[in-house]
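Colleague: Please take one part of this model and look at it closely. Start with a strand pairing, then work outward to the surroundings.

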Amino acid sequence: MADLATSYMGLKLRNPIIVSSSDLTKTTEGIIRCYDAGAGAVVLKSLFEEQFLIRENIEGEDGIIYPEALDYLRRGGLLEYAPEKICQMIEEAKKEINIPIIASINCQSPRLWPSYARQFEEAGADGLELNIYFLPISLDSPGAEYEEYHLKILEEVKKAVSIPVAVKLMSQLTSIPYLGYKLARAGCDALVLFNWFVEPDIDVKNLKTRNIIGKGNFYQSLRWVALLAGRVDCDVASSGGVRKAEDVIKQILAGASAVQVCTILYEQKFEVIKNILSEVEAWMEKHKNATIDDFKGELSFKMQELTFKGVGEADAYFRAQYLKAYSRAK
Ligand SMILES: Cc1cc2nc3c(=O)[nH]c(=O)nc-3n(C[C@H](O)[C@H](O)[C@H](O)COP(=O)(O)O)c2cc1C
């Protein structure tokens, strides 16, 4: 029988499927449900910086507490999702389950987080995921400035805790490999590619703006997992668009140590995890892979380049224009 166990950010996982940070993981019952469904690990719903600012009644770096942030938190039932509640959840869940629990914090500034990171560690969290994103709205700030923030936040959190720390990135960064390389050198234990956003829309009838739910982009994640795996000195996990066993296999072939899933659990029953795992296992047996490590990264950019396994195939990951694809299709 194939062995699905894997190692991710220094943690031992019974299998590579992680339930990603979402409303599914914001209660003890939710976490236990993920465990019962067969998940290899869970990432808790993020504690958002806005929650912290509002709770402590302090201003953000720009001196503002945004009323819309308050509104968003109230509507999402997140005002009560406080650090103490998260610690309690971790403590309760640790008594019931034996898979890694990764706490998540949404950071936009380096100064606020180390003490919460420490509290989550003390409560028993096995790891931390830093959900970092900046929407570069300013006309004055170059891209490098935003990227530098990622490093500052990671460095502060790493100083505060000894559990492993992952960074979940947004895809709209100028140089993902460069930032990934720098983060790994600064002690990042894993990169999660990528975060997901609500998207803006316009209601033309009522002349109003509104938000719609965005979608994880499987192929975007696949490209960057493949381009980073084995080239940066930390693990890589995919997040975005995974719907079936074949998607999990593809991400591992591209180099992912773990595959995060979210939307699929909203769309289908939680049993989907067990079904996916048994299909992955059957595929491994058919392809004579006894362990996840036997095929992890086999089709990563680095492996294809080094082994010349598929001369010319590595370019699938970095070719972005249509020309060749069109001429092949004819
Ligand atoms: C309802 C909902 C809530 C989410 N909340 C968080 C969150 O608190 N922190 C975070 O890092 N990602 C959050 N996400 C993003 C997911 O973790 C995941 O990265 C994204 O949905 C893409 O994966 P998918 O295509 O498998 O859904 C949320 C997603 C959904 C659908």
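Modeller: Start with one pair of residues: Lys 168 faces Val 192 of β9 across the pairing. Keep in mind that this is a predicted model. The two strands involved are β8, residues 165-169, and β9, and they run parallel, joined by 4 bridges.

Now look at β9 itself. The strand spans residues 190-193 and has cover on both faces. Ala 190 and Val 192 lie on one side, Leu 191 and Leu 193 on the other, and all four are buried.

Step back along the chain from β9. Asp 189 sits in the loop between α7 (176-185) and β9. What is the partner of Asp 189 in a salt bridge? The partner is Lys 158, with the closest N and O atoms 3.0 Å apart. This pair ties together distant parts of the chain, since Lys 158 belongs to helix α6 and the two residues are 31 apart. Asp 189 has 24% relative accessibility, so it counts as partly exposed. Lys 158 is also partly exposed, because its relative accessible area is 26%.

Stay with α6 for a moment. A salt bridge joins Glu 156 to Lys 159, again with 3.0 Å between the closest N and O atoms. Why is about one helical turn the separation here? Because the two residues stand 3 apart in helix α6, residues 143-160. Are the two ends buried or exposed? Glu 156 is at 30% relative accessibility and therefore counts as partly exposed. Lys 159 reaches 64%, so it counts as exposed.

Follow the chain on toward β8. Val 161 lies in the loop between α6 and β8. Its relative accessibility is 9%, so Val 161 counts as buried. Gln 119 is 42 residues from Val 161 in sequence, yet the two C-alpha atoms are 9.2 Å apart in space.

Next, another strand with covered faces. Strand β6 covers residues 101-107, and 7 of its 7 residues are buried. Which residues point which way? Ile 101, Ala 103, Ile 105 and Cys 107 go one way. Ile 102, Ser 104 and Asn 106 go the other way, and these too are buried.

The pairings of β6 come next. With strand β7, residues 127-132, β6 shares 6 bridges in the parallel sense. Asn 106 has Asn 131 as its bridge partner in β7. Strand β4, residues 41-43, pairs with β6 over 2 bridges, also parallel. There, Val 43 is matched with Ile 102 of β6. Strand β5, residues 47-48, is parallel to β6 as well and is joined by 2 bridges. Leu 47 is found opposite Ile 105 of β6.

Back to salt bridges. How many turn up in the whole structure? A search finds 10. Asp 23, Lys 26 and Lys 45 make up a network of them. Within that network, Lys 26 and Asp 23 pair with their closest N and O atoms 4.0 Å apart. Lys 26 is buried, because its relative accessible area is 19% and the limit for buried is under 20%. Asp 23, at 38%, therefore counts as partly exposed.

Finish on the surface, with two patches. One is nonpolar: Trp 196, Val 198 and Ile 213 together offer about 310 Å² of accessible area. Val 198 lies in strand β10, residues 198-203. Val 198 has 42% relative accessibility, so it counts as partly exposed.

The other patch carries negative charge: Glu 29, Glu 91, Glu 92 and Glu 96 gather there. Where does the largest share come from? Helix α4, residues 83-96, supplies 3 residues. Glu 92 is in this helix. At 32% relative accessibility, Glu 92 counts as partly exposed, so it clears the cut-off of over 30% for patch residues.

To return to the opening pair: Lys 168 stands across from Val 192, and Val 192 is buried on one side of β9.

Definitions and conventions: Residues are numbered from 1 along each chain as its sequence is written. This is a predicted model: local features need pLDDT of at least 70, side-chain atom pairs count only at pLDDT 80 or more; totals for chains, interfaces and linings use all residues. Side-chain values use heavy atoms; hydrogens and water are left out. Patches are made of residues with over 30% relative accessible area and no salt bridge: like charges are joined within 9 Å, nonpolar side chains (Val, Leu, Ile, Met, Phe, Trp, Tyr) within 5 Å. Accessible areas come from the Shrake-Rupley method with a 1.4 Å probe; for residues, only the protein chains shown count as cover. A salt bridge is a side-chain nitrogen of Lys or Arg within 4 Å of a carboxyl oxygen of Asp or Glu. Lys and Arg count as positive and Asp and Glu as negative; His and the chain ends are not counted. The place of a charge is taken as NZ of Lys, CZ of Arg, CG of Asp or CD of Glu. Buried means under 20% relative accessible area, exposed over 50%, partly exposed in between (1.4 Å probe, protein chains only). Two strands pair if DSSP finds at least two bridges between them.
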